[in-house]
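Please look through the structure shown below, following the backbone from one element to the next. The paragraphs after it take up a helix pair and then some backbone details.

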Amino acid sequence: MLIAQMSDLHVTAPGTAPTTAYDTNARLAAAVAHLNAMAPRPDVVLITGDLVNGPKPGEYEALSALLEPLAIPFRVLAGNHDDRVGLRRTFAGTGWMPMEGSFIHYAVDEFPVRILMLDSVIPGTAVGGLCADRLSWLAERLAEQPERPTVLALHHPPFDTGLAFLDTLRCLEGAEDLGRLVRSRPNVRAVLCGHTHRQTAVSWNGTHGYVAPSVAYQIALDLAPEPPYRWTDEPSALALHLFTQDGAVVTHLSVIGAYPGREFSRKARNS
């Protein structure tokens, strides 16, 4: 199975702009075209939060229009820039968006690898968390199919990334409990996150932890204890997660844009 992961789209209403100089709507349109052109195409696209930049009027309508050309099934998570009411209204007719409950989390069961979409949003703050109710929901879902290869997806990373400021905004409440739950379930092949606008991979509680880059714009890589917080002109990108027959997870970075190359001979060459 091949899963594509987009994150942190930060779509704006037409005529407005985010807090940076980047045209986030144009970058999402380019990402959709990039995905549609892939061969083979991914089985599903996970969008791990911050779909819009506000939320502000007109943003979810713009998001819906930008995602309409996507020719691959997709599923979405709420991020700290999102609004649960707006997400539910936008995706009400899909059949997979849960329309009731305090949180937007749900199981994606129609693919070879099971995906559990977990809501880590605490309204009013950029910090994430998992309360007892959310962890209980996850434990119940994991108990349903304990042998099936499974992926967890949530917006806020439950692990440190080494980006000092962003690590203060990760999933704090419930992260240790989540780690213990993941360690007890060896069928959890990966924990996929967004939020930091920076690709990061980590070995975490016996599984593959991964934070996707942003489709909108990246945050500078700086591992100093108190680095400045700044954007970069690095290209937007998405992730491709290949789940192999032997249970391995292979993650590739797919940079969005035209980067032409030249073919080379496959014949063995002397070094």
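Which residues of helix 2 are buried? In this predicted model, the buried residues of helix 2 are Glu-59, Tyr-60, Ala-62, Leu-63, Leu-66 and Leu-67. Because they cover an arc of only 155° around the axis, they are on the same side of helix 2. An α-helix has 3.6 residues a turn, so residues three or four places apart point the same way. The elements against which the buried residues of helix 2 pack are strand 1 (2-6), helix 1, strand 2 (44-48), strand 3 (74-77) and helix 3 (84-90).

Among these partners, helix 1 can be followed in further detail. Helix 1, which spans residues 24-36, and helix 2, which spans residues 59-67, pack with their axes 9 Å apart and at an angle of about 25°. Since angles under 35 degrees count as roughly parallel, helix 1 and helix 2 are therefore roughly parallel to each other. The crossing that helix 1 and helix 2 make is right-handed. On the helix 1 side, the residues that meet helix 2 are Asn-25, Leu-28, Ala-29 and Val-32, and their counterparts in helix 2 are Ala-62, Leu-63, Leu-66 and Leu-67. Sorted by class, this contact of helix 1 with helix 2 has seven nonpolar residues, one polar residue and no charged residues.

The loops hold two cis peptide bonds to examine, one from Ala-39 to Pro-40 and one from Gly-54 to Pro-55. The bond from Ala-39 to Pro-40 has omega near 0°, and Pro-40 is found in the loop between helix 1 and strand 2. For the bond from Gly-54 to Pro-55, omega is near 5°, and Pro-55 is found in the loop between strand 2 and helix 2.

Positive phi values in residues other than glycine are a further point of backbone geometry, and His-10 is one of these, with phi near 55°. His-10 is found in the loop between strand 1 and helix 1, and because its relative accessibility is 3%, where buried means under 20%, His-10 counts as buried. Asn-205, also not a glycine, has a positive phi of about 50°, and it is found in the loop between strand 10 (200-204) and strand 11 (207-211). With a relative accessibility of 23%, Asn-205 counts as partly exposed, whereas His-10 counts as buried.

Notes:
Residues are numbered from 1 along each chain as its sequence is written. This is a predicted model: local features need pLDDT of at least 70, side-chain atom pairs count only at pLDDT 80 or more; totals for chains, interfaces and linings use all residues. Side-chain values use heavy atoms; hydrogens and water are left out. Axes are lines fitted to C-alpha atoms, for helices over the stretch in contact, and angles run from 0 to 180 degrees between N-to-C directions. Helices (H or I, at least four residues) and strands (E, at least two) are DSSP runs, numbered from the N terminus. Angles under 35 degrees count as roughly parallel, over 145 as roughly antiparallel, 65 to 115 as roughly perpendicular and the rest as oblique. A crossing is left-handed if the near helix is turned anticlockwise from the far one by less than a right angle, and right-handed if clockwise. Contact means heavy atoms within 4.5 Å. Ala, Val, Leu, Ile, Met, Phe, Trp, Tyr, Cys and Pro count as nonpolar, Asp, Glu, Lys and Arg as charged, and the others, Gly among them, as polar. Buried means under 20% relative accessible area, exposed over 50%, partly exposed in between (1.4 Å probe, protein chains only). The arc is that of the directions from the helix axis to the C-beta atoms.
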